[in-house]
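Please open the structure in your viewer and keep the selection tool at hand. The tour below moves from one selection to the next and says what is to be found at each stop.

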Amino acid sequence: MSRDLSRAAFARAKTLLPGGVNSPARAFGGVGGEPVFFRRAEGPFLFDLDGNRYLDYVLSWGPMILGHAHPEVIAAVEDAARKGTSFGAPTEAESELAELIIDAVPSVEKVRLVNSGTEAAMSAVRLARGFTGRPLIVKFAGNYHGHVDSLLVAAGSSAATLGVPNSPGVTEGAVRDTLLLRYNDPAGVEEAFQRYGSRIAGVIVEPVAGNMGCVVGRPEFLSALRGQTERHGAVLIFDEVMSGFRVAYGGAQARFGVTPDLTVLGKIVGGGLPLGVYGGRREIMDHVLPAGKVFQAGTLSGNPLATAAGIATLKILRDTDPYPALERISQRLASGLEAAAAAAGVPHHVGVCGAMLTLFFSPRPVTDWDSAAACDVKRFARYFWGLIERGVYLPCSQFEALFLSAAHTTAQIDATLAAAGEVFRDGALCE
Ligand SMILES: *Cc1c(COP(=O)(O)O)cnc(C)c1O
């Protein structure tokens, strides 16, 4: 498979953009080699500059749950564009999207639309602090909430520690009020609330983690979060940027029956255009300016193109209910990958929830950042390149989840399993 045009495009991009990309996950740093440059996408397929076709399991890192360039979504965006791309003034479409979200997501009574998941998480954290008048935010190692300064603390740690920043440019001051805990550890949560309870404004968590690979939040962990925040008057924030409209139409909170106070959304809710959302209990949301005093604003917030794509996407999801079918192909892929790895004698663990999944090269179950970080990333890189050479495009890191769309067919899943079987059999994975 020749990728000469991608190679040339990357060489040029590197002279113009830091590392040749506009978001680091795209640069193939986790697997070595050079990224593929794409010309177009349709349904479950990506087409690169050199004319190669790939079955896409990245789906723009989550948003494209209907597959790429869905005709109804494209038509909605075209229609909106002809009427003007931004007004900086209210539109009815914003209320229409808000209504769809409020109807779908159990905990959400009011929303604010923003431009990215990062912006939504940042705003939700500010609101939790503004609402409670308290400083501390609890986050979990291995959870990602966008590049918000106070949440860029992720380095694995077994005990509760006050955060240490994990990017240059994030000051100790910015993370001084961030408490870092272990994921899936209810005892750690109880301990932290015992010690700091009256100073904790909120807890932010991915109820299904997708940013250390797919790691499902255990029921006893999520219910401890709900119980402790309730008891101590703190705000529970579910970051459902990835799990929202993916593990169920109503997100992880609908799937698991745990109701947070605030919810952060992004990715699918924008239908492939830049859109983020934070929302929740009316009483809390009414603290946002101009109803309340917590400042948050945006020139392009509620943008007509993004809201059109979001409305079209959510309506299709609501009306066609692709979730049972997604669940079936996801389980088929998960058990097929397990069988292929087992047949090759490769230690593995599959994390799966709805239409998101990770094959971990790990001899033990992956339940938190420490167990994820112990995976064999070199083996993952060989697996990744073996599949890309066979026209299967996976996320380029052991610590990302792969995604399925309503455009993926059972036959394509089986073709992927056949390709994975070849990769496992050719021996390179067993070195
Ligand atoms: C992708 C992601 C974000 C950040 O969203 P952006 O739109 O990339 O800023 C936040 N939280 C979670 C759980 C995510 O997966």
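For sorting residues by class, Ala, Val, Leu, Ile, Met, Phe, Trp, Tyr, Cys and Pro count as nonpolar, Asp, Glu, Lys and Arg as charged, and the others, Gly among them, as polar. The model is predicted, so local features need pLDDT of at least 70 and side-chain atom pairs count only at pLDDT 80 or more, while totals for chains, interfaces and linings use all residues. Residues are numbered from 1 along each chain as its sequence is written, and side-chain values use heavy atoms, with hydrogens and water left out.

**The ligand**

Select the ligand first, together with the residues near it (those with a heavy atom within 4 Å): they are S116, G117, T118, Y144, H145, G146, E206, N211, D239, V241, M242 and K267. By class, this shell holds 3 nonpolar, 6 polar and 3 charged residues.

Next, look for polar contacts, which are pairs of N or O atoms within 3.5 Å; within protein, one atom must be able to donate a hydrogen and the other to accept it, and residues adjacent in sequence count only if both atoms are side-chain atoms. T118 places a polar side-chain atom 2.6 Å from an oxygen atom of the ligand, and N211 has one 3.1 Å from a ligand oxygen atom. On D239, a polar side-chain atom lies 2.7 Å from a nitrogen atom of the ligand. Of the 380 Å² of accessible area that the ligand has on its own (Shrake-Rupley method, 1.4 Å probe), the protein covers 82%.

**T229 in helix α7**

Move to T229, which is found in helix α7, residues 219-232; helices here are DSSP runs of H or I with at least four residues, numbered from the N terminus. T229 has a relative accessible area of 0% and is therefore buried, a word that means under 20% (1.4 Å probe, protein chains only). Not counting residues up to four places away in sequence, T229 touches F193, V203, A234, V235 and L236, where contact means heavy atoms within 4.5 Å. A polar atom of its side chain lies 3.1 Å from the backbone oxygen of R226.

**Helix α10**

Now select residues 304-320, which form helix α10. Of its 17 residues, 13 are buried, so α10 is largely enclosed by the rest of the structure. At its N-terminal end N303 acts as a cap, with a side-chain oxygen 3.0 Å from the backbone nitrogen of L305, and just after the helix D321 takes a positive phi of about 40°.

Conventions: Helices (H or I, at least four residues) and strands (E, at least two) are DSSP runs, numbered from the N terminus. Buried means under 20% relative accessible area, exposed over 50%, partly exposed in between (1.4 Å probe, protein chains only). The expected span of a helix is 1.5 Å times one less than its number of residues.
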